[in-house]
Amino acid sequence: MAKSDYYGTLGVRRDASAEEIKKAYRRLARELHPDVNPDPETQERFKEITQAYEVLSDSGKRQMYDMGADPFASGGGAGAGGFGAGFPFSDIMDAFFGAAGGGGGRGPRSRARRGRNATIRVELDLRESGFGTTRELVVDTAVVCEVCTGSGAAAGTHPDTCDMCHGRGEVSQVTRSFLGQVMTSRPCPQCGGFGSIIRNPCQECSGDGRVRTRRTIKVRIPAGVEDGTHIQLAGEGEIGPGGGPPGDLFLEIVERPHEIFERRGDDLHCTVQIPMTAAALGTILTMETLDGAEELDIRPGTQSGQTIPLYGRGVQRLNESGRGDLLIHVNVETPARLDTEQEQLLKELARLRGEERPPGKFAPGQQSFFSRLRDAFNGR
């Protein structure tokens, strides 16, 4: 039986999209529907376009048709060009790509499979993340069942060979198609593809080969980690089913906020607020850093917004030598309330400096952080 020209029946190109095929069918169906044209010839034509649309609108049937097979052709054998009843297209792919051709299938699956990875959150303060630390972590995980040593079978027993697939883990069948007789294989439905059946599962692990437990591990957190860093501990995750190899354990670092310092990469930032007089006359402050107490020299004439760097007082660089810096941003506090004596003193100072009616200095935009840092280095 000659293969029908379904593309010609609908009047579309062979590379027509699904939407184009749908539009062509709807247009022809409105013209040829038996309710509109009841004559026998038109009804036969309507059946043809319906059959063509049924094939071309289904991606699997269309693919078969493009390969030379007609799903509606009679016979179903190799010479007829059609598929036998219930023959899935995936079986043809198996025949081409060797999933089961000639009976040489995939073989039984192993019950031992790799375990899942696990992730736990580790909270650190700034000093711990900056300089590293050692932690003992309690992990809830799966370990090999000590009773069955991972086999899943009860003590004194062992898995039995599956009597359906005879230990192969798959079953084969022969189906007729337009390619002729094709042998295909599928995982054995009785043993699930393992080739064996555990008839007496271990009571301790219920046949899984592993049990859940809680264990403590000691881990070294390297210096320089920061919020969001992930540390991989290979082989410290869960044991796999059937006593399979363990997955990995990932530590997700959560850095707790510090009361004074804000971390930006390897550098630390903080703000110091000083009175106007200290900024004008200069002073020495004592501040606590991660390395202990440090003296901070506020030079006379320090401006609000100026940055004072303390080099090498930041955090350790991750996997590198050296440390970042501590950058101190100065905020000069202007008094909001003055008593009479203070007001008179400031007026006298303004008179002496010729600043009773200062003109002000205007500049475009706002000075950037790097400009202020440059001015700090230049002493301005």
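This report describes a predicted model, taking a helix pair, two sheets, a group of cysteines and two loop residues in turn.

## Helix 3 and helix 4

Helix 3 covers residues 40-56 and helix 4 covers residues 59-66. Their axes come within 6 Å and cross at roughly 100°. With 65 to 115 degrees counted as roughly perpendicular, helix 3 is therefore roughly perpendicular to helix 4.

On the side of helix 3, the contact is made by Glu 54, Val 55 and Leu 56. Helix 4 contributes Lys 61, Arg 62 and Tyr 65. Sorted by type, the residues of this contact are three nonpolar and three charged, with no polar ones.

## The sheet of three strands

Strands 1, 9 and 8 form an open sheet in the order 1-9-8, and the pairing is mixed. Strand 1 (118-124) and strand 8 (230-233) are the edge strands, each paired on one side only. On average, neighbouring strands of this sheet are turned by 25° against each other, direction ignored.

Strand 9 spans residues 249-255 and pairs with strand 1 in the parallel sense, over seven bridges. Within this part of the sheet, Arg 121 has Glu 252 in strand 9 as its bridge partner.

## The sheet of four strands

An open sheet of four strands runs in the order 10-11-15-14, also with mixed pairing. Its edges are strand 10 (262-264) and strand 14 (307-310), which each pair on one side only. From one strand to the next, the twist averages 30°.

Strand 11 takes in residues 267-275. The pairing of strand 10 with strand 11 is antiparallel and runs over three bridges. Glu 262 stands opposite His 269 of strand 11.

## Four cysteines listed as a binding site

An unreviewed UniProt entry lists Cys 162, Cys 165, Cys 188 and Cys 191 under "binding site". These residues span 30 positions in sequence, but no two of their C-alpha atoms are more than 8.9 Å apart, so they gather at one spot.

Cys 165 is in the loop between strand 3 (160-161) and strand 4 (170-177). Its relative accessibility is 0%, so Cys 165 counts as buried. Leaving out residues up to four places away in sequence, Cys 165 touches Glu 170, Val 171, Cys 188, Cys 191 and Gly 195. Cys 188 lies in another part of the chain, in the loop between strand 5 (180-187) and strand 6 (196-197). Cys 188 is buried too, with a relative accessible area of 1%. Beyond its neighbours within four places in sequence, the contacts of Cys 188 are Cys 162, Met 164, Cys 165, Gly 169, Glu 170, Val 171 and Gly 193.

## Cys 202 and its surroundings

Cys 202 sits in the loop between strand 6 and strand 7 (210-221). At 2% relative accessibility, Cys 202 counts as buried. Cys 148 is 54 residues away along the chain, while the C-alpha atoms of Cys 202 and Cys 148 are separated by 6.5 Å.

When residues up to four places away in sequence are not counted, Cys 202 touches two cysteines, Cys 145 and Cys 148. The other residues it touches are Val 147, Gly 152, Ala 153, Ala 154 and Gly 207.

## Two residues with positive phi

Ser 206 belongs to the loop between strand 6 and strand 7, where Cys 202 is also placed. Although Ser 206 is not a glycine, its phi is positive, at about 60°. Ser 206 is exposed, with a relative accessible area of 62%, whereas Cys 202 is buried.

Asn 319 is found in the loop between strand 14 and strand 15 (326-333), and both of these strands belong to the sheet of four strands. Asn 319 likewise has a positive phi of about 60° without being a glycine. Its relative accessibility is 71%, so Asn 319 counts as exposed.

Conventions. Residues numbered from 1 in each chain as written. Predicted model: local features only at pLDDT ≥ 70, side-chain atom pairs only at ≥ 80, totals over all residues. Heavy atoms only, no water. Axes fitted to C-alpha atoms, helices over the stretch in contact; angles between N-to-C directions. Parallel < 35°, antiparallel > 145°, perpendicular 65-115°, else oblique. Contact = heavy atoms within 4.5 Å. Nonpolar A, V, L, I, M, F, W, Y, C, P; charged D, E, K, R; others polar. Pairing = 2+ DSSP bridges. UniProt positions renumbered as here; feature names shortened; annotations may be inferred. Buried < 20%, exposed > 50% of the residue type's maximum accessible area, 1.4 Å probe, protein only.
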